[in-house]
Amino acid sequence: MDRIRIVGGAPLNGRIPISGAKNAALPLMIASLLTAETLTLENVPRLADVILLKRILGNHGAEVTVEGKRPSQDPFAGDTVRLTAGEIVDTTAPYDLVSKMRASFWVIGPLLARMGEAKVSLPGGCAIGTRPVDFFLTGLASLGASIEIEAGYVIAKAPAGGLVGGRVVFPKVSVGATHTVLMAAALARGETVIENAAREPEIVDLADCLVKMGAEIEGAGTSEIRVQGVSSLHAARHRVLPDRIETGTYAIAVAMAGGDVLLEGARYDLLESAFDVLVEAGAEVSTTNEGVRVARNGHGIGPVRVTTAPFPGFPTDLQAQLMALTAKAKGTSSITETIFENRFMHVQELARLGARIHLDGDTATIEGVEKLTGAPVMATDLRASVSLVIAGLAAEGETVVNRVYHLDRGFERLEAKLSQCGATIERVSD
Ligand code: UD1
């Protein structure tokens, strides 16, 4: 099993290219099931989750090919992926595939809308809280679907004549349920109104792509989305937006290790809340026409108080990384996690490096320490693993992060991107 070995202490200087967003690429790829024509996606990151989703879509009959070769002068360029679901050969998404990645459950939306039926295993994914699917099911039921749960599978059927537009009111903001209902509504008859919709940039990216495919959608990026269903969708070409979580992760790494890095292709507007926090903590953040520049030279890290929230709030997907940063702040910070229960598995591992963190319910109080010391640690989920890498970069001595397959789900060539900025970091295979 691969491990990541880091020798901490070096500041980061240089450029880090930001990949296409995993959390946009996944729903965009799933949207290819809505049409028999080809959806071409540019800037798709090379990640384990993307490879797994290619298999899942292939199982439903989609042909997925990667266009051309990556140019040798740009080893970090995104892939151009062509997805053609000419015929849906199977409307079942089996347990052995869906259990590996929660987002694959979202195929239920397009399968149901296009084929009138879907049988999808209840999901698995990162072990961060219970993560139920009730909003998906009530949302699809509002479009006329009948839903049954049998032996670990959701069996959804559209009425004769297909899904019908309806009013969907989510009790709580859910990214996945918004993506899923949006895709289903694109092919439903009549108007669908989604209230309390997620406003994440990845929702806007999916809506933009669906519109290029012929869908009629208004309000994506606000909490009320209106969709006028159309009878079919067609071919389109779309570029995946940059990954704001990867951006924020490297920005936090620079704030923690010190140095000056240009995050190439990053978009400031996708991550204002997190950049504000980094500035409060003592980092300098500026935009350039090539991306976002983050620096911290000289002064120490200041403490912060942060509560995670749906977009445009501070993202839960950066909570673990921010906690690593606050572990070395001069003073006491507090971080409250409101999106997922049980998303604090990194706390124990950060403590192994010398962090002083006290957990009370959904709030962590972090008493900054002068220095962290390298140690072997264990990755538990995608974002937790990368928080350990960041902490390792700023710790004295050697940190070895075990179980790095979590990292490969969401960070493309992390060790290459960091080592080109001066970090001592390498992948070690047994
Ligand atoms: C997506 C992101 C994930 C991010 C999360 C929150 C992808 C591939 N994943 O996950 O990286 O951490 O948004 O920004 O884009 N909930 C219910 N019932 C439901 C659905 C959700 O109670 O039917 C709850 C969840 O348990 C959680 C909250 O709603 O407490 C938000 O979850 P949701 O936005 O759905 O997360 P994902 O879409 O799974």
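How many bridges join strand 20 to strand 21, and in which sense do the two strands run? The legends below answer this and describe further close-ups of a predicted model.

**Figure 1. The hairpin of strand 20 and strand 21.** Strand 20 covers residues 356-360 and strand 21 covers residues 363-367; five bridges join them, and they run antiparallel. Leu-359 has Ala-364, in strand 21, as its bridge partner. Two residues lie between the strands of this hairpin, and Gly-361 takes a positive phi near 60 degrees there.

**Figure 2. The hairpin of strand 16 and strand 17.** Strand 16 (residues 284-288) pairs with strand 17 (residues 291-296) in the antiparallel sense, over five bridges. The connection from strand 16 to strand 17 is made through two residues. Within the pair, Thr-287 stands opposite Val-292 of strand 17. In a regular strand, side chains alternate between the two faces of the sheet.

**Figure 3. The ligand between domain 1 and domain 2.** Domain 1 consists of 3-15 + 243-428, and domain 2 of 24-239. Both domains give residues to the shell around the ligand, so the ligand lies between them. There are 19 residues around the ligand, and those that come nearest are Asp-134, Ser-174, Val-175, Asp-317 and Ile-339. By class, the shell holds nine nonpolar, four polar and six charged residues.

**Figure 4. Polar atoms at the ligand's oxygen atoms.** A backbone N or O atom of Ile-339 is 2.5 Å from an oxygen atom of the ligand. At Ser-174, an N or O atom in the side chain lies 2.6 Å from a ligand oxygen atom. For Phe-135, a polar backbone atom is 2.7 Å from an oxygen atom of the ligand. The ligand taken alone exposes 740 Å², of which the protein buries 90%. Helix 5 (134-142) and helix 6 (175-186) are the elements that give two or more residues to the shell around the ligand. Helix 5 provides the largest share of that shell, with three residues.

**Figure 5. Ser-385 in helix 12.** Helix 12 spans residues 382-393 and includes Ser-385. The relative accessibility of Ser-385 is 0%; buried means under 20%, so Ser-385 counts as buried. Its side chain reaches the backbone oxygen of Asp-381 at 2.3 Å.

**Figure 6. His-238 in strand 14 and its contact with Asp-205.** His-238 belongs to strand 14, which covers residues 236-239. With a relative accessibility of 4%, His-238 counts as buried. The side chains of His-238 and Asp-205 make a polar contact at 2.9 Å.

**Figure 7. Ala-235 in the loop before strand 14.** Ala-235 is in the loop between strand 13 (224-228) and strand 14. Its relative accessible area is 35%, and Ala-235 is therefore partly exposed. From C-alpha to C-alpha, Ala-235 and Gly-214 are 8.6 Å apart in space; in sequence they are 21 residues apart.

**Figure 8. Helix 1 and its buried residues.** Helix 1 (residues 22-31) is mostly covered, with nine of its 10 residues buried. Lys-22 is among the buried residues, together with Ala-24, Ala-25, Leu-26, Pro-27, Leu-28, Met-29, Ile-30 and Ala-31. An α-helix has 3.6 residues a turn, so residues three or four places apart point the same way.

Notes: Residues are numbered from 1 along each chain as its sequence is written. This is a predicted model: local features need pLDDT of at least 70, side-chain atom pairs count only at pLDDT 80 or more; totals for chains, interfaces and linings use all residues. Side-chain values use heavy atoms; hydrogens and water are left out. A residue is near a molecule or strand if one of its heavy atoms lies within 4 Å of it. A polar contact is a pair of N or O atoms within 3.5 Å; within protein, one must be able to donate a hydrogen and the other to accept it, and residues adjacent in sequence count only if both atoms are side-chain atoms. Accessible areas come from the Shrake-Rupley method with a 1.4 Å probe; for residues, only the protein chains shown count as cover. Helices (H or I, at least four residues) and strands (E, at least two) are DSSP runs, numbered from the N terminus. Ala, Val, Leu, Ile, Met, Phe, Trp, Tyr, Cys and Pro count as nonpolar, Asp, Glu, Lys and Arg as charged, and the others, Gly among them, as polar. Domain bounds come from an automatic or database domain assignment. Two strands pair if DSSP finds at least two bridges between them. Buried means under 20% relative accessible area, exposed over 50%, partly exposed in between (1.4 Å probe, protein chains only).
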